[in-house]
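This report covers one protein chain, taken element by element. The structure is shown below, and the text is meant to be read beside it.

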Amino acid sequence: MSLKLWHQLWNDVFAVKIVPVQFVPTPGTAARDSNSSRDLGLGGDVVALSGAFRFLETAFRGEIPPRRKRNSFCPPETDEAQPIGLFWIEFWRVSEPPYRNLTKAELFIFGPFRRTNNLFVDAFLQSNRLDHVSQVMGYHTSYLDHFLKTQNFILRGDGPLPFHYRHYIAIMAAGRHQCGYLINLQKQEFLLLGGEHSWLKGLSSIPPKLKNLYDINKILAHRPWQLNTSHIEKLTKGKDSWSLAEVIHAIVILTHFHSLCSFVFACGVNQEVDQAGGYKYQMPGETRGSAHPSNTNQSNPKDIPTVDITEDWKNSSHVGPPSPTEPEVGINTIMQRMKTLSEQNEECTPVELAKRFESIETQSAELGLVGAERLETPADISCFIEDGKFGYQDFAKRDEQFDFPTFRVQDYSWNDHGYSLVNRLYNDVGNLLDDKFKTAQNLTYYTMGGRTDVDTSRFRRAIWNYIQCLLGIRHDDYDYGEINHLLERSLKTFIKSACCYPERVTKKDYDRVLREFKHSEKVHVNLMVLEARMQAELLYALRTVNRYMTN
Ligand SMILES: CC(C)C[C@H](N)C(=O)O
């Protein structure tokens, strides 16, 4: 609901106090055309709240979104849903101060869609913040719903692992991709739940039981095909052993956070406002860094490099492609090719299909990558990493002496096997994951760039299957030849980097790829990277657990 409407409805009866809690930066809009929350024009007063809201209130002090956005009311439904801001609102019975009778106080999001708004409020209440990941995912409300439910369940719901363990496992997982953003968020949660401070010194300070998980973490993150029953056996036998239910819980957390790293880097998600390097909105006339909540030490402003997110987005694809970049074939060509493919209906022999899979796999091994390898890892991240050199290896070039076979989905699939195993060993988490996978796989608005009524299923399937192909997984009923028709080289390079080397990907790479597509669509592609990767890792892990149990 828009502020204007609130104004019309309530201004005569209530005085309204509004506290801006957090503003959501919208791509391409600079949130700086107004400088005081009093400008909200509701005749209310602004009050500061204590506790969790206070630091946000300080950080976002005085900044409100652009007027034209603020006054918009329920635009037609599109996938470009953009939330605007999060407010704490108090409704008072009398319009003149001194106020008597507070009738209602609510945390509220103003934005185009009530559903996104409610989800954001829930997300905020769950973790005392509306993190940037949720904000970016907010483009796709139905997906965000499943994502948040799952994440909340595996971290905060019923399950065999102690709560602080869960967050530490998340840190270990994010460490594999040097994802400082997730590590910092999880460190805070770990401490809030009573985790011991000393564990945050690094892997050398944690109990052996937790440390024993590290091999699985490393293998699942980079070469899941190498996982075998001896890894599970090592964990579940002897001193400090894990129960199978605990192993499954840990595996779900690990795979969730490995793939979330892909999403974070591939969308160029910025640090949170209270993290080093986090952005802040600047008050007119304010010097950089001065309003950061933790920046009380003015003598050394370099410690907290504030980044103006609006600058960042100004350089984004809305204002034309950054150069130099590879030319892209464009949406018309992709649509034309999808049409040709659906008319062709070519029958292929199983041998030919297998060959096409292998050829895509071999070609992917020849692809370059975006960005450069990270040479130095900061100490506060490297303390959570062991064997940092162990990384992705092209499946086509995998260790020959072990002869790892291609993973055939017809032999072990999520629907027929993985889902029920995970459900059996760890409450109903299979249902949550299943809903999430299905939503990510089937999500469509029948649009492509500005075109409407487009059947995009072929394009989306090519992306999903390409991601799993990078991890050695083959869907027997799919003609992998389609991938080369529909995904051009620059997109494949981006996907491969996001999936297998996320730490190399930056906002620049995000800007350079899919330049005719909307932000919501690029985020959509990154959601598929997240989910297809997570499902692939889980398939390997669950198949191994199943083998171990039936041995
Ligand atoms: C990834 C995008 C091309 C998806 C497309 N916008 C759809 O609605 O299906």
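In this predicted model, Thr544 touches Leu227, Asn228, Thr229 and Ile232, leaving out residues up to four places away in sequence. Thr544 is found in helix H23, which runs over residues 519-550. With a relative accessible area of 5%, Thr544 falls under the 20% cut-off, so the residue is buried.

The helix that carries Thr544 is itself mostly covered, as 28 of the 32 residues of H23 are buried. Its length also agrees with expectation: at 1.5 Å a residue H23 should span 46 Å, and its end C-alpha atoms are 46 Å apart.

**The chain as a whole**

The chain has 551 residues, of which 57% are buried. Its secondary structure consists of 23 helices and five strands. Among contacts between residues at least 6 apart in sequence, 77% join residues at least 24 apart.

**Cavities and the largest pocket**

Nine cavities of 30 Å³ or more turn up in a search of the whole structure. The second largest cavity holds about 140 Å³ of space. Its lining is made of 15 residues, and those nearest its centre are Thr447, Thr456, Arg460, Glu521 and His524. Two elements, helix H19 (457-470) and H23, give two or more residues each to this lining. Of the elements, H23 gives the most, with four residues.

A loop residue is in contact with some of these residues. Thr444 is found in the loop between helix H18 (429-442) and H19. Apart from neighbours within four places in sequence, Thr444 is in contact with Thr456, Arg460 and His524. Thr444 and His417 are 27 residues apart in sequence, and their C-alpha atoms are 26 Å apart in space.

The largest pocket contains about 570 Å³ of space. It is lined by 24 residues, of which Tyr181, Phe265, Val269, Gln271 and Arg374 are the closest to its centre. Helix H8 (180-192), helix H12 (244-266) and helix H16 (379-382) each supply at least two residues of the lining. H8 gives the most, with five residues.

The table sets out the make-up of the two linings.

| Site | Nonpolar residues | Polar residues | Charged residues |
|---|---|---|---|
| Largest pocket | ten | eight | six |
| Second largest cavity | eight | four | three |

**Helix H12**

H12, one of the helices that supply the pocket lining, has 23 residues. From its first C-alpha to its last it reaches 33 Å, close to the 33 Å expected at 1.5 Å a residue. Is H12 enclosed by the rest of the structure or open to the outside? Because 21 of its 23 residues are buried, H12 is largely enclosed by the rest of the structure. Just after H12, Gly268 takes a positive phi of about 65°.

**Aromatic pairs**

The structure holds 18 aromatic pairs. In one of them, the rings of Tyr168 and Phe190 have their centres 5.5 Å apart and their planes at 65°. That angle is over the 60 degrees set for the class, so the pair is edge-to-face. The pair links distant parts of the chain, with Tyr168 in helix H7 (residues 163-175) and Phe190 in helix H8, 22 residues apart. Both Tyr168 and Phe190 are buried. Ring pairs also join these two with Tyr165, Trp199, Trp242 and Phe384 into a cluster. H8 thus appears in two places in this account: Phe190 lies in H8, and H8 gives five residues to the lining of the largest pocket.

**Arg474**

Arg474 is found in strand E5, which covers residues 473-474. Which class of exposure does Arg474 fall into at 9% relative accessibility? At that value Arg474 counts as buried, because the cut-off for buried is under 20%. Beyond residues up to four places away in sequence, Arg474 touches Pro350, Leu353, Ala354, Phe357, Thr406, Phe407, Arg408, Val409 and Tyr480. Arg474 and Pro224 are 250 residues apart in sequence, while their C-alpha atoms are 14 Å apart in space.

Notes
Residues numbered from 1 in each chain as written. Predicted model: local features only at pLDDT ≥ 70, side-chain atom pairs only at ≥ 80, totals over all residues. Heavy atoms only, no water. 1 Å grid on protein atoms, 1.4 Å probe; cavity = no way out; pocket = protein on both sides within 12 Å on 5 of 7 lines; lining within 4 Å. Points joined across faces, edges and corners; volume = space filled by probe spheres on them. Nonpolar A, V, L, I, M, F, W, Y, C, P; charged D, E, K, R; others polar. Expected span 1.5 Å × (residues − 1). Buried < 20%, exposed > 50% of the residue type's maximum accessible area, 1.4 Å probe, protein only. Contact = heavy atoms within 4.5 Å. Phe/Tyr/Trp six-rings, centres within 6.5 Å; stacked < 30°, edge-to-face > 60°.
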